[in-house]
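Me: I should like to learn how to read the pockets of a protein model. Could we work through them one at a time?

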Amino acid sequence: MSTPLLDRTAETSVPVHEVLAARWSPRAYESATPIDEDKLTAALEAARWSPSAYNAQPWRFVVARRGSALHTDIVESLIGFNQTWATSAGALIVAVAETVDDQDRVITHAAYDVGQAVAHLTVQAHHDGLFVHQMSGFDVAAVAARIALEERFTPLTVLAIGNLGDPSTLSDQLRERETAPRTRRALTETVIASA
């Protein structure tokens, strides 16, 4: 199935890389085609090469393809609102932070570094034609139990990834959000000090 792409390119205050300006987080995913494994692998590889403090690489990923029992379990851990749309994504990826290393030292920068890795994954995915939507609305304990994580690992976010779907398949509320103009606070409000 081919879905016409919505032009959601951001109207930036200064030019930025086209992939960054065009990247957005949809909720409409094409539910019939399996995830492209080469593109998924490239996104994970981009995350692998993300920078991290001391090269600690405190990120791990759990990849659950649509149709698998693991995908079903992760969908069930999502809050109801996210369940209504995320089940259609080609895969759900749980981004996990290693918060304590194997020598029992706290990794204070773990969440920051995982965020960088997810950003790299997201940009690579978008470059290759996949779309990513990050979610914080999920039951962390349920996911940790399902994948039998050691206590030193903490699930931080769930990412829906796949091909863009048709917004008309969404509820009225979600369709409106899907097609509404993109907004951000002004750059002058984001930079709180500059000398």
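Reply: Certainly; please bear in mind that this model is predicted. Helix H1 (18-22) and helix H8 (187-190) each contribute at least two residues to the lining of the largest pocket.

Me: What is the volume of the largest pocket?
Reply: The volume of the largest pocket is about 660 Å³. Its lining comprises 22 residues, and those closest to the centre are Ala10, Glu11, Thr12, Arg182 and Arg184.

Me: How do the residues of that lining divide into nonpolar, polar and charged?
Reply: In the largest pocket, the lining has 9 nonpolar, 6 polar and 7 charged residues.

Me: Which residues line the second largest pocket?
Reply: Among them are Arg8, Trp24, His133, Glu178, Arg182 and Arg184. This second largest pocket holds about 250 Å³ of space, and its lining divides into 2 nonpolar, 3 polar and 7 charged residues.

Me: Let us turn to threonine 12. Why does threonine 12 count as partly exposed?
Reply: The class depends on relative accessible area: under 20% is buried, over 50% is exposed, and partly exposed lies in between. Threonine 12 counts as partly exposed because its relative accessibility is 38%.

Me: Where does threonine 12 lie, and what does its side chain reach?
Reply: Threonine 12 is located in the segment before H1. Its side chain reaches the backbone oxygen of valine 14 at 2.6 Å.

Me: How many residues separate threonine 12 and alanine 186 in sequence?
Reply: The two are 174 residues apart in sequence, while their C-alpha atoms are 9.6 Å apart in space.

Conventions: Residues are numbered from 1 along each chain as its sequence is written. This is a predicted model: local features need pLDDT of at least 70, side-chain atom pairs count only at pLDDT 80 or more; totals for chains, interfaces and linings use all residues. Side-chain values use heavy atoms; hydrogens and water are left out. On a 1 Å grid over the protein atoms alone, a cavity is a set of points where a 1.4 Å probe fits but cannot get out, and a pocket is an open set with protein on both sides within 12 Å along at least five of seven lines; lining residues have an atom within 4 Å of a point. Grid points are joined across faces, edges and corners, and a volume is the space filled by probe spheres set on the points. Helices (H or I, at least four residues) and strands (E, at least two) are DSSP runs, numbered from the N terminus. Ala, Val, Leu, Ile, Met, Phe, Trp, Tyr, Cys and Pro count as nonpolar, Asp, Glu, Lys and Arg as charged, and the others, Gly among them, as polar. Buried means under 20% relative accessible area, exposed over 50%, partly exposed in between (1.4 Å probe, protein chains only). A polar contact is a pair of N or O atoms within 3.5 Å; within protein, one must be able to donate a hydrogen and the other to accept it, and residues adjacent in sequence count only if both atoms are side-chain atoms.
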